[in-house]
Amino acid sequence: MNELPIALIGRELGLREKQVHAALALLEDGKTIPFIARYRKEATGGLDEVALAAVRDRAELIRELDRRRSSILRSLREREVLTEELEKRILEAPTIAVLEDLYLPFRPKRRTRASVARERGLLPLADRIFDQGEIDPGAEAAKFLDPEREVGSVDEALAGARDIIAERISEDPGARSRIRDLFLREGILRSKVSGPLEGEGSKYRDYADCSEILSKAPSHRVMAILRGKKEGFLTLHVEPPQEKATAILELLFLRRRRRGPASPATDEVRSALEDGYKRLLAPSMERESLSAARERAMERAIGVFAENLRHLLLEPPLGERTVMAIDPGFRTGCKVVILDRSGSLLAKEVIFPHPPPRAVQEAERKILDLCERFGVEFIAVGNGTAGRETEEFLRGLGIPGDVPIVMVDEAGASVYSTSRAAREEFPEEDATIRSAISIGRRLQDPLAELVKIDPKSIGVGQYQHDVDEKALKMKLDEVVEISVNAVGVDLNTASIELLSRVAGLGPKLARSIVLYREENGPFRTREELKKVPGLGPRAFEQAAGFLRIRGGDDPLDGSAVHPESSGIVEAMAGDLGATVEDLIRDPHLQERIEAERYVTEKAGLPTIRDILAELAKPGRDPRREFELFSFAPGVTKIEDLRPGMSLPGTVTNVAAFGAFVDVGVHQDGLVHKSELADRFVRDPAEVVRVHQKVEVTVLKVDLERKRISLSMRKRLEVADGEARP
C-alpha cells in the first residue's frame, strides 16, 4: 500500500490523502465496503460506498499498471535491450497505453515487411534516407543491391527502406500518442450495411448509414453498432480528419529546409509516412479507439444495470401479510399458492379460468374458498403470459373484503424455480409451484426474494450480453451486497442466499448459521453467533451490525447499533438512571442525551449520531412505504391501445436512451428520453427509476413490430393516428 500514489488517487477522486490512506488500509485489512461505510466513518472521514469502491478500483488499476511495468522491464532486461533512458521513460509512464507504446518496438512480433527488409540488409539505407540529408536515394540504394538477399533493383531496395521507415514511424511513442489523441477526440465512426437487413438484421436499420464523432456517440448506439458488426450485419470504421493526421506526422518526421528545396530523401520519407499511417498506424489506432469506446459504453451499460438493480432491490416491501400468489397461464392453468405472513407455503391449487380448457366456476369457487379459509390480505399475480387476463378474472369475482390485487414483475422467477436453492427449499414441489411462491414472496419482501436469483436474469440491464461478464458480475454482486446491508437481515428468518450477502459472511458461513439455527432454535442474541462453527471474530465484527434479532434478549440486537458500541448505549442509559429498554422506548430520554459527552477515541461524533438515530427508530427500514398500483381496466393487449390514450404504468427498465414502461398489455412501451419531460433530459435516470409508477400517453402503436411509443410529456392533439405535442 505504501507504494501506491495516495496523493494522486486523492486528487483524481477529489478526496483528502488521509481519507484515501485510511480506506486502503481498511480494505487491505479485509474489511468490507458496507462495514467501512457504516462503522468506520471516523477513519475515512465519512466516505460512502461509492467513494470507497472508487478508491479500491483506482488502486487496482495502478497495481495493474505496475504489474505490467514490471513484466515489460523484465522482458527487456532478459533480451539485453533495456537502456537507461528507456527504463526511465517506462518507470514514468502514466498509463497502460503509454507503456505499451514504449514497449511496441521491442515486442516480439510476427514477420513483417520491415523485418524482411532488415534481413535483406536494408536498415543502413533506411537510416540514411530517414536522416534526410543531402543524398541521392537512388544512388544510395544502388549500393545495397544483392541478388543473394533478393535485392535485385534500386526500386526493391528503396521499397524495403520505406517499409522499415513506415514501421518506425508507426511505432514511435510520440506519434502514437498524438494520433491516438486525434482518433479519440475527432475520430468519426461510420457504419454501413454489409448485407440485407431482414429478420434479425432489421433492428440495425437505424445504423445502416451512420456517421458521427465517436467520442460523442451515445453508449447505447456504440453497443448496438458493435453488436451489428459482430453479428455480420454492419461494417464500421473510425477515421479522424485525414489532413490533421498527415499534418501531425509531417511535423514530427519531415525535415524542413530554410533555403532551397527539400532533400530528395524527404520525398521517400513522405511516401513511407503515408504508407505507415494508412497500413499500420491508422488501423492500430482504429482498434484502440473502438476498444476505448467499447470500454466506455460497457462501463455505462454496467452502471445503468447496477442502478436499475439497486432500485429494484430496494423496492418497498408489503411486509408480513397473508398472500395468495398466482403464476398465470392459459393451457397449463394458473398455479395458486397461499403464503403465510413469513412466506411459508400453506396451500396450493391449480385453476383454469382461461381457455383451453376452461373451468371458470370451479376456479371462482377455489379462489373464494382459499381467501376465506386463510384470511388472504393481498393477491399477487405474475405479469407474464395471461397475467392481465387473470387479474381481470379476479377483479370480477367480488372477493369479500375488497382484497387488493397487485401485478408483480415475474422476471427471473422461472430461473429461481429450477435453481438449486429452490429445490433445496421446496424439494417436494414442482417448478411451477416454486415460481408462484417466488411471485408472492417478491410482493412480501422483494430484496429477500431477489437475492436468490442471478441478477443478470432479472431483466433490468442494457446490452448485458455484450459487456464484460466478470466486470458485470462484480458490480452487480456489489450492488446486492450494499443493498442487503443497507436494509439489514433478520438472523432468525433469513435464507442462506440472503445471509450470504451480509458483510463478512458468504455462502459457507451462511449455511453454517442456518444449520446451527435448525439444530439449536432461534438465536437469542447476536453474541450467540460466535458459537457457529467457523464464524470467527473477524467475521463477527463485519456481520453483526447488519443482523437483526426481533424480540431477543438484548434490545439493541434489533437495531443497527454494533455490539462494539453497546457499552456506549449502556453508559447513556446509566447516566439517565434508565435501562436500555427505557431509552429505546422513551423519545424524551433520548432528547436529553448530549452526544458530545460520549465521544471516544474509537467512536467519534458520526458514530454517536448514528447510535442516536437507531435508538429513535431501531432497525429502521430505509425503503419507501408500499403503495398500491393497478393498470387501466379493459386495456389488456396491444390492440387495445390508441394514440392519445393516457394510462398508468410502471417503469420496468431504464436505459441510456429512455425508459421502458409496462402499461399492462404484455409488451413494454418505450419512452424515449426526449419524451420523459418537458425539458432537455441528458440522463433518463435523473427522471425515472425502475418500478416507478408513472402516467404515460400513447404516441404510436406499431402492431407489426409490436412496438409502443409512449410519452410522459403533455400532449395536445391526435392526428393521423399519432399523438403530437
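These questions and answers walk through strands and a helix in a predicted model.

Student: Which residues of β13 point to the face where side chains are buried?
Tutor: Strand β13 covers residues 669-672, and its side chains alternate. Leu670 and His672 point to one face and are not buried. Buried here means under 20% relative accessible area. The buried ones, on the other face, are Gly669 and Val671.

Student: Which residue in the turn between β12 and β13 has a positive phi?
Tutor: Strand β12 (residues 658-662) pairs with β13 in the antiparallel sense over four bridges. Phe660 stands opposite Leu670 in β13. The two strands form a hairpin with six residues between them. In that turn, phi is about 90° at Gly664.

Student: What is the bridge partner of Leu670 in β15?
Tutor: Strand β15 spans residues 707-711. It pairs with β13 in the parallel sense, over two bridges. In β15, the partner of Leu670 is Ser709.

Student: Which are the edge strands of the open sheet β2-β1-β3?
Tutor: The three strands stand in the order β2-β1-β3, with antiparallel pairing. An edge strand here pairs on one side only. That holds for β2 (209-213) and β3 (234-239).

Student: What is the bridge partner of Ile188 in β2?
Tutor: Strand β1 covers residues 188-193. It pairs with β2 in the antiparallel sense over five bridges. In β2, the partner of Ile188 is Ile213.

Student: At what angle to β3 does helix α13 run?
Tutor: Helix α13 is made of residues 219-230. It lies across β1, β2 and β3. Its angle to β3 is about 125°.

Conventions
Residues are numbered from 1 along each chain as its sequence is written. This is a predicted model: local features need pLDDT of at least 70, side-chain atom pairs count only at pLDDT 80 or more; totals for chains, interfaces and linings use all residues. Side-chain values use heavy atoms; hydrogens and water are left out. Buried means under 20% relative accessible area, exposed over 50%, partly exposed in between (1.4 Å probe, protein chains only). Two strands pair if DSSP finds at least two bridges between them. Contact means heavy atoms within 4.5 Å. Axes are lines fitted to C-alpha atoms, for helices over the stretch in contact, and angles run from 0 to 180 degrees between N-to-C directions.
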